[in-house]
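Please look through the model below. The notes that follow take it region by region.

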Amino acid sequence: MSELAKRITITLLILAAPLVFGLLITYQVIHIDWISFMEIQPSFRPMENPLPVPANSVPIEGPAYVPGVGNPLNPIAADQISLTRGGALYEVNCSLCHGKQGKGDGPVAEELIRKPPDLNGLNVTELSDGEIFLVITNGVNPGIGYSGGMPPLRDNLEIGDRWDIVNYVRSLQTK
Amino acid sequence: MTNKKVLIVILLVLSILIVSCAGAAKKPVTHEWPVYVQIQQARLNLESIKTPPPDGCKVHAVDLIGSWVAVNTPVTDPFSFTDVDGKGCQGTFEVDVLPLFNTANLWYSGAPSCRTCHGPEVEVSYARMDLSSYRGILAGKGRESASSKGEDILGGGNWEEADLYEVLSGRQMPPNQPGGLDPKGPLVYAGISR
């Protein structure tokens, strides 16, 4: 090997060394437990309850209802789009307890101490859309433990999604 | 590049073209999942905010129910009460008292209505009690069936000894109340001044 080739090889090796070292750290082949600033800030770990929403904060999609003025009114027409969306969301979020037809016979229902209500029964059909919306939003007696008390779904579903589910539940009742 | 190599490349390109054409000829798989692009924006409906009537009275919800319990008038018969300013007023059970049991987001922000848990199907209602109607409220709690009567919740006309008064003024109901609420309940517009 000529002197020039040797020099070029050495230079390339010197340049490649930090690159290879960086890659080894990046892909955690060499694992260094760095302290990251994201790690030391207030946060919640997987499977922990989310942090409570700060007082008087308004969701990015706007408030769900005006506080203390009575039943919120349904702003979304029960058209085909709303019912399709509501059906898909119901399937994911509600049917495990309430059953596919809303009869309170979902696969999880038999494990619960307090059975989910029949959504086609008088106790639910007589409720206004706004009352059903608030049940989805805040749950029913969640404070007594989740075995039978419906958990709040405000963190799982956006406002429009909840109204779509209300429309879908209404459509189940008319069947 | 030799002729053989060129031939192989041409064959390869042709086979890719044939395979992709065959794929395109197949019917595309459709998904049942809804089109999420067409989300409807849930706009806040402000029609729920009613303007107070000019001759209306302002009264605390617990006091209003108490005034009705004291006289226990039938559904549409008027009963008298005094509003927060000491004004003499008149209301009816149907128009002024029943909505306190059948309206959500009233006792506090986001509160469920009483009938959400205490509905007309007493067999599956909490405390086997129906607070959705005049008949149900009078029938009381712990009922066997929709036709049977249970334990009185109105204190036999003595409001301050009533079970209903105890849970409302003790702020046990509606459940999960935030702190700092008035034990007399929310201030509502009800009835008309005499």
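## A covered helix in chain A

The buried residues of helix H6 of chain A have cover that includes helix H7 (159-174) of chain A and helix H4 (114-117) of chain B. This is a predicted model.

Helix H6 spans residues 129-138 of chain A. Nine of its ten residues are buried, so the helix is largely enclosed by the rest of the structure. The buried run starts with A:Gly130, A:Glu131 and A:Ile132. A:Phe133, A:Leu134, A:Val135 and A:Ile136 are buried too. So are A:Thr137 and A:Asn138. Just after H6 of chain A comes A:Gly139, which takes a positive phi of about 75 degrees.

## Domains of chain A

The domain assignment of chain A gives two entries: domain 1 covers 3-40, and domain 2 covers 80-174. Their C-alpha centres lie 55 Å apart.

## Strand E3 of chain B and its partners

Strand E3 of chain B takes in residues 88-92. One face is covered and carries B:Cys89 and B:Gly91. The other face is uncovered, with B:Gly88, B:Gln90 and B:Thr92.

Strand E2 of chain B (residues 78-82) runs antiparallel to E3 of chain B, and five bridges join the two. These strands form a hairpin with five residues between them. In that hairpin, B:Gly86 takes a positive phi near 85 degrees. E3 of chain B also pairs with strand E4 of chain B (residues 187-193). That pairing is antiparallel and has two bridges.

Which residues stand opposite B:Gln90? In E3 of chain B, B:Gln90 faces B:Ser80. B:Gln90 also stands opposite B:Ile192 in E4 of chain B.

## A loop residue in chain B

B:Ala127 sits in the loop between H4 and helix H5 (134-139) of chain B. Is B:Ala127 buried or partly exposed? The count is 19 other C-beta atoms within 10 Å, so B:Ala127 is partly exposed. A buried residue needs 20 or more.

Leaving aside residues up to four places away in sequence, B:Ala127 touches B:His118, B:Lys141 and B:Gly142. B:Gly142 is 15 residues from B:Ala127 in sequence. In space, the two are 5.7 Å apart, C-alpha to C-alpha.

Key: Residues numbered from 1 in each chain as written. Chains lettered and ligands numbered in written order. Predicted model: local features only at pLDDT ≥ 70, side-chain atom pairs only at ≥ 80, totals over all residues. Buried ≥ 20, exposed ≤ 12 C-beta atoms within 10 Å, placed from the backbone. Helix = DSSP H or I, 4+ residues; strand = E, 2+ residues; numbered from the N terminus. Contact = placed C-beta atoms within 7 Å. Domains from an automatic or database assignment. Pairing = 2+ DSSP bridges.
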